[in-house]
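Here are my notes for you, in numbered points. Have the model open beside you as you read.

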Amino acid sequence: MSALLEIAGVAKSFGTIRAVDGIDLAVAPNEFFALLGPSGCGKTTLLRLIAGFEHPDRGTIRLDGADITATPPNKRPINLMFQSYALFPHMTVFANVAYGLEMEGLRGAALKARVEQALGLVQLSDQASRKPHQLSGGQKQRVALARALVKRPKLLLLDEPLGALDKKLREKMQIELKRLQQETGIAFLVVTHDQEEALTMADRIALLDHGKVAQLGRPRDLYERPESRFVADFVGQMNFFEGHRRGSGFAVAGLGLLPAQDLDAVPEGTAASLAVRPERVVLSDTAQPGAFAAEVVGSAYMGQDLVVHLALAGSGLPLVARLPASHRLAADIERGRQVHCSWAAEHARLLVK
Amino acid sequence: MTSNRLLLLAPGLAWLTALLIIPCGLIFVLGFFERGVYGGIDYTLTTENFARAVDPLYAGIFLYSARIALTAVVFSLLIGYPAATCIAKQPKRRQMPLLILVMMPFWSNYLIRTYAWIVLLNREGLINGALTKLGAISEPLPLLYNDFAIVTGLVYGYVPFMILALYSSISKLGPELAEASTDLGADSWRTFLRITLPLTLPGIAAGSVFVFVLSIGNFVTPDLLGGGKRTMLGNLIYDQFLTARDWPFGATLAFLLVALMMVLLTCQAVFVHRSATQEEARA
Ligand SMILES: Nc1ncnc2c1ncn2[C@@H]1O[C@H](COP(=O)(O)OP(=O)(O)OP(=O)(O)O)[C@@H](O)[C@H]1O
Ligand SMILES: [Mg+2]
C-alpha cells in the first residue's frame, strides 16, 4: 500500500521556538490518522504546514507521490477544518458549503446537487438557509465538516474538530466522524489532545512531543507497548516505579525485586521506570506469594469501574488499581482497608527513556 | 440608582445642551426669519430661506461640494484600505506605533498643514520644481488652485480617520476566514471580494461617512488650495454670516448641512449596530 501523504524531515521554527522539529510520517489512503499531543507540541503547526499556510524551514511534503511543498494552499487537493470552524458569518449554510465548489467553477443544478448531498451527509438539509450565528456548536461543526467534505479532497485535515463540544455530543460526533470517513473514503488526519478520542477513532496515532514524533502506531501499540515514559504517561493512566534493572527482576527501593516483561532488553544496573496499568493490578483480600500488602487511601466510583488509590505497606509508595464494579471486592472497598495487590510480569513494562 | 446615574450624566448633558442643542435649535429657528435691512434679523416668519436654498445656484454649490467630498472619500478608501490592511497584518506589538504615526499629523494645526500643500503644489513648488529639474516637464503642471488641489488637501487631512475606521474593522476580522477561503480554493483576489470586503463594510461605511461629513462642510481647504475660485458649502455658509451678513439664510444652509450629516451618521450607526449584534450572536 503506497502512502497518500508523506512527510519527510519537516521542520518549522518561529523565532527560537521549534514548533515542528523534524517529523516523518505517512498517511495511507482511506486511513483515519490521529495527531495526538499536549498543548503546544506543534499539532496545529504541522496541519498548517500540510495545508500550505506555513512553509517548512526544511523537509518535503508529498501527496500521491507529487512534491507539494511549494504549492499554494488553494491549489492543494487538501482541505482543512479549522479549530474555530471559520464559517463565513455573512453567508448562509448553503452558501458556505457551496463556496468551495464555486471556486472550482461549478454552477447551477450540479452545484446545488453536490451541496445538498453534502448537507444530507451531515444531516443539516433543513438548516440550509440559516446563518452560522443561528446554529448550535454541534451544527456549526457539521457545517464546517460539510464545507470541507463537499470538495472531495484526497485528504481532510481536522484541527480539534470536537474541541468545542460537550462530552455527550463529543462521543456522538466521534462515531459520526468515523462513519463519514468510512462512507466517503477520504483520508482523515485529525488533531486532538484527548487521548481517549484518538484511541477510539484512529486507525493509527502519532503522539507528538515538543515538535517530534514520540511514538507512531496503532492505538493498541501505544496503549499496550509504550516505548517511553512520556508515551506511557500521556496515553491512559499508568503507575510508575523508579528503580534499577537487577538480577532476575527490577529493584525498587522499599519493595525489593519486582517481576517485569522483556527484562533481557535492558542491561544490568540501568536506571528505568516500571510501568503498570491500573486495570492490570489484581486485588485480593488474602496474601499470596509475590503480592504486596497495601492500604486503601481512597476510591472513586466511575460507573462501570472503581478506581482504588492505595499506599503500599512499608514503602508507602502510591499505586492506583482499577477494577470492574462487578468485582467481588468492589462492594466493600473503603478507606483504611488492607488488601493485597499483584500483577503479572507480562503487564509490567520497563521504560528506559 | 437612576437618580445617581442622572447625577453622573448631568455635567455632560449640561455641556451638550448649552453648547450643542441650544445653538442648533437657534440656528434652526433663525432660518424661519427675514433678513433685516442692515444685516440684522427681522423677526417676521417666512419659509423663503428654505425655498432659496433649493435655487439652482445654491443647489449647484451643494452638488459640487458633494462631488468633491465623494471624490475625497473614494481616494481616502483607495489609500486607506491597503494601509489599514498592512497595519492589521503586522505583529501585534508593531501595530500601536504605526497607528500613532497615522495620528501624528493631528499634533500640528490643520491650517498650517494646508498651507504646506501650497508650498508643495504651486507653480514653483517642490513638485513642479523637481519635475522640471528632472526634465520630465517643460511647463509647470497646474497643481494648485483647482479641484485636484482641494481633493488632495481633503484626502491628506482626513485619511487618518479612514485608516483608523478600517483598521478596527479589518483587525477584528483576523486572518482565519481569509485562510478558510484560500483553503477552499479561492485566490487572494476572490477572497478579498467575497470575504474580506463584505465583512469590513461597517469599517468602510464609518470611514466614508467621517471623511464625507468632514469634507463637505470644510471651508479652509477650498479657500486656501482652491484659491477662492470655487465655492463649497462651507464657504457659502461662511460668506452668508460674515460677508453678506444674511444670518437667516446662512442659518438655513447650516441647518440643512447639519441635518444631512445627522442622517448619514445615523444610517452608519444603525448599520454598525446591526452587524455588531450579528457578531455578538456569532461569538
Ligand atoms: N505564528 C506563530 N508565531 C510564533 N509562535 C508560534 C506560532 N504558531 C505557533 N507558535 C508556537 O509554536 C508552538 C506550537 O504551536 P501549535 O499551535 O502548533 O501547538 P498545538 O500542538 O496545536 O497546541 P494546542 O493543543 O494548544 O492547540 C507553540 O509553542 C506556539 O507558541
Ligand atoms: Mg492547536
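How many positive and negative side chains does chain A have, and how far apart do the centres of the two sets lie?

1. To start with that question: chain A carries 41 positive and 38 negative side chains, and 6 Å lies between the centres of the two sets. Please keep in mind throughout that this is a predicted model. For chain B, the mean positions of its 19 positive and 16 negative charges are 8 Å apart.

2. Next, the overall make-up of chain A. Its secondary structure consists of eight helices and 20 strands, and the C-alpha trace spans about 75 × 45 × 40 Å along its principal axes. Chain A has 353 residues, of which 52% count as buried. Among its contacts with a separation of 6 or more, 65% join residues 24 or more positions apart. The exposed area of chain A is about 15,700 Å², with 51% of it supplied by carbon and sulfur atoms.

3. Chain A is split into two domains. Domain 1 of chain A runs over 5–229 and domain 2 of chain A over 238–351. Their centres, taken over C-alpha atoms, are separated by 39 Å. Where the two meet, eight residues of domain 1 of chain A are in contact with eleven residues of domain 2 of chain A.

4. There is also a record to set beside that division. An unreviewed UniProt entry gives "domain: ABC transporter" for residues 5–235 of chain A. In the model, residues 5–235 of chain A are 36% helix and 26% strand, and the end C-alpha atoms of that stretch are 25 Å apart.

5. Two backbone positions in chain A deserve your attention. Most residues other than glycine have a negative phi. Y85(A) is not a glycine, yet its phi is positive, at about 75 degrees. Y85(A) sits in the loop between β6 (78–81) and α2 (93–103) of chain A. Is Y85(A) buried or exposed? Y85(A) counts as buried, because its relative accessible area is 6%, which is under 20%.

6. The second position is E160(A), where phi is again positive, at about 45 degrees, although the residue is not a glycine. E160(A) belongs to the loop between β7 (155–159) and α5 (167–184) of chain A. With a relative accessibility of 10%, E160(A) is buried.

7. A glycine in another loop is worth a look. G65(A) lies between β4 (58–63) and β5 (66–67) of chain A. Why is G65(A) called partly exposed? Its relative accessible area is 40%, so G65(A) falls between the 20% limit for buried and the 50% limit for exposed. G65(A) is 61 residues from L4(A) in sequence, while their C-alpha atoms are 7.4 Å apart in space.

8. Now for two charged residues within strands. R245(A) is part of strand β11 (residues 239–246) of chain A, and it is buried at a relative accessible area of 8%. Leaving aside residues up to four places away in sequence, R245(A) touches F250(A), L263(A), V266(A), P267(A), E268(A), G269(A), T270(A) and L350(A).

9. D305(A) is found in strand β17 (residues 305–312) of chain A. Its relative accessibility is 19%, and because buried means under 20%, D305(A) counts as buried. Which residues does D305(A) touch, not counting those up to four places away in sequence? They are A300(A), R322(A), L323(A), P324(A) and A325(A).

10. Turning to chain B, the secondary structure comprises 13 helices and two strands. The C-alpha trace of chain B spans about 75 × 70 × 35 Å along its principal axes. Of its 283 residues, 37% count as buried. Chain B exposes about 16,100 Å², and 72% of this comes from carbon and sulfur atoms.

11. Finally, the records for chain B. The unreviewed UniProt entry lists "domain: ABC transmembrane type-1" for residues 62–266 of chain B; in the model that span is 78% helix and 0% strand, with its end C-alpha atoms 21 Å apart. UniProt also annotates "transmembrane region" for several stretches of chain B, including 96–118 and 148–167. Residues 96–118 of chain B are 74% helix, with end C-alpha atoms 31 Å apart. Residues 148–167 of chain B are 100% helix, and their end C-alpha atoms are 27 Å apart.

Notes: Residues are numbered from 1 along each chain as its sequence is written. Chains are lettered from A and ligands numbered from 1 in the order in which they are written. This is a predicted model: local features need pLDDT of at least 70, side-chain atom pairs count only at pLDDT 80 or more; totals for chains, interfaces and linings use all residues. Side-chain values use heavy atoms; hydrogens and water are left out. Helices (H or I, at least four residues) and strands (E, at least two) are DSSP runs, numbered from the N terminus. Buried means under 20% relative accessible area, exposed over 50%, partly exposed in between (1.4 Å probe, protein chains only). Contact means heavy atoms within 4.5 Å. Accessible areas come from the Shrake-Rupley method with a 1.4 Å probe; for residues, only the protein chains shown count as cover. Lys and Arg count as positive and Asp and Glu as negative; His and the chain ends are not counted. The place of a charge is taken as NZ of Lys, CZ of Arg, CG of Asp or CD of Glu. UniProt positions are given in the numbering used here, feature names are shortened, and annotations may be inferred rather than shown by experiment. Domain bounds come from an automatic or database domain assignment.
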